[in-house]
Amino acid sequence: MSGRDLFCQPRRTRRGAALTLVFASVLVAGAATGSFPETDRKPPPDTADAAVPAGRHEEVARAASEAMADGKSPEEAAERAVSRSGDRWGAVYSRGEYEELEDALDGRYTGVGLSARRERDGRIEVSEVRSGSPAADAGIRQGDRLRSVDGERVDGRPVTEVVSILRGDTEAEPAGTAVRLGLERGTRAWTETVRRARLSTDPVTVRTLADGVTVVRVVSFTKGVGEQVRGAVERLPSGAGVVLDLRGNSGGLVAEAVTAASAFLDGGLVATYDVDGDQRALHAEPGGDTTRPLVALVDGGTMSAAELLTGALQDRGRAVVLGSRTFGKGSVQMPGRLPGGAVAELTVGHYRTPSGRGVDGTGITPDLEVDPADPAALDRARTVLSGLGR
């Protein structure tokens, strides 16, 4: 499994989910009751008289209100209520934390600029280093082993937790604060101190290989990514094969994943989902390229909106899926404002692929299982594409 320092929760707020990947754009697209209006999901400056969403949010809002009346922390009371509910993906954010999450969905975040994955032996490996980031400036390379963060050993820990530690607390450890990394490269072991920085994402990269196959790598579904994918596909020569590389894609905005699906589908169903029992559907836009050979490459770090896209392409016979089983996050979260200005994101339903498969807890099983971390995985994808082209 792999992870980036884009969507991980701050270290102090690891309550409920270790990784919250927002489905609120689904709710905006479906005009769900209780979501923030139109396209702005940030709480307004004064939320004291804001309407509290109905359904699952009521208990959490009531706990926060009662705590505030008693002179106690409404956020802590809300967190306890979420914990009691057993909502795996539920989370409570302060106003500032939620704005930080909004910034991440806009493609801006605080971090050191590296991605990590956990190997089979539990060790943490640097899987990618962003150009121009603090990690790159410090000489950290892809393939280095990350052994500790600020003196804490990270071997065996969930990669989402490791990345969360790297990001730090958005309030106590903002951009400019130092983080000490213990690293290994071959027989060399050393400690490197880097400073967190405000970074912008480059979520879509496109490269064409010598044989004409184009690899479209998407690392997250932040705002604008869907159009980037669609534009990249439209600019390719007719019939050129595409490898859609979704390995390590931590999800993001579902509306962007649906737009990306529209690059390869001529309308039709992408997914169904429910909000407190109310059934809804997401459809691709018409006019996508339905004949271009397509392979989707996935792994255990392919999550949420990326799984929705993968499931749609697989169910509709549009792509051959290669790699390993995906993460298995198929739940829908809705944000609700709380007394005091905090925001509670609670699970209100689940989505299903076009054939009716549930993804939550099970993930997407590839058509062809290969080791997604093996450099030869891309060669296998190209071999499959050559067969599809014929």
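# A guided tour, from hairpin to helix

Start with strand 6: select Leu-146 there and you will find its bridge partner, Ile-124. Two bridges join strand 5 to strand 6, and the two run antiparallel. Before going further, note that this is a predicted model.

**Colour by confidence**

Colour the chain by pLDDT. The mean is 83, and 84% of the residues reach 70 or more. Now select residues 1–53, where pLDDT stays under 50; the model has 192 contacts beyond four places in sequence for this stretch. Where pLDDT is low, the predicted coordinates should not be read in detail. With that in mind, hide residues 1–53 if you like, and move on.

**The hairpin**

Go back to strand 5 (residues 124–129) and add strand 4 (residues 114–118): five bridges join them, again in antiparallel fashion. Click on Arg-117 and look across to Glu-125 in strand 5, which stands opposite. Five residues lie between the strands of this hairpin, and Gly-122 takes a positive phi near 90° in it.

**Two non-glycines with positive phi**

Next, select Asp-150, in the loop between strand 6 (145–149) and strand 7 (152–153). Its phi is positive, about 50°, although Asp-150 is not a glycine. Is Asp-150 buried, partly exposed or exposed? With a relative accessible area of 26%, Asp-150 is partly exposed.

Now jump to Ser-304, in the loop between strand 16 (294–298) and helix 9 (305–315). Ser-304 also has a positive phi, of about 55°, without being a glycine. Its relative accessibility is 0%, so Ser-304 counts as buried.

**Around Tyr-351**

Keep Ser-304 on screen and add Tyr-351, which lies in strand 19 (residues 343–352). What does the side chain of Tyr-351 reach at 3.2 Å? The backbone oxygen of Ser-304 is there. A polar atom of the Tyr-351 side chain also lies 3.2 Å from the backbone nitrogen of Leu-308. Tyr-351 counts as buried because its relative accessibility is 2%. Add Gln-279 as well: Tyr-351 and Gln-279 are 72 residues apart in sequence, yet 9.5 Å apart in space from C-alpha to C-alpha.

**Into the cores**

Show side chains for Val-218, Phe-221, Leu-244 and Leu-309. In the largest nonpolar core, of 42 residues, these four touch the most other members. Helix 9 gives the most to this core, with six residues. Centre on Phe-221 and look for its contacts, among them Leu-246, Leu-253, Ala-260, Ala-305 and Leu-309. Apart from this core lies another, of 20 residues, including Ala-116, Ile-140, Leu-146 and Val-162. Leu-146 is where the tour began, as the bridge partner of Ile-124.

**Charged pairs**

Side chains of opposite charge can pair when their charged atoms come close. The structure holds 18 salt bridges, and here are a few stops:

- Arg-153 and Asp-155: the closest N and O atoms are 3.6 Å apart. Arg-153 is exposed at 53% relative accessibility, whereas Asp-155 is partly exposed at 28%.
- Asp-278 and Arg-280: their side chains meet at 2.9 Å, N to O. Asp-278 is partly exposed, at 38%, but Arg-280 counts as buried, at 17%.
- Asp-379 and Arg-382: the distance is 3.4 Å, N to O. These two are three residues apart in helix 10 (residues 376–389), so about one helical turn separates them.

For a last selection, take Glu-128, Arg-217, Asp-245 and Arg-247 together: salt bridges that share partners join them into one network.

Notes. Residues numbered from 1 in each chain as written. Predicted model: local features only at pLDDT ≥ 70, side-chain atom pairs only at ≥ 80, totals over all residues. Heavy atoms only, no water. Helix = DSSP H or I, 4+ residues; strand = E, 2+ residues; numbered from the N terminus. Buried < 20%, exposed > 50% of the residue type's maximum accessible area, 1.4 Å probe, protein only. Pairing = 2+ DSSP bridges. Polar contact = N/O pair within 3.5 Å; in protein donor to acceptor, adjacent residues only side chain to side chain. pLDDT = per-residue confidence, 0-100. Contact = heavy atoms within 4.5 Å. Core = buried A, V, L, I, M, F, W, Y, C linked by side-chain atoms within 4.5 Å. Salt bridge = Lys/Arg side-chain N within 4 Å of Asp/Glu carboxyl O.
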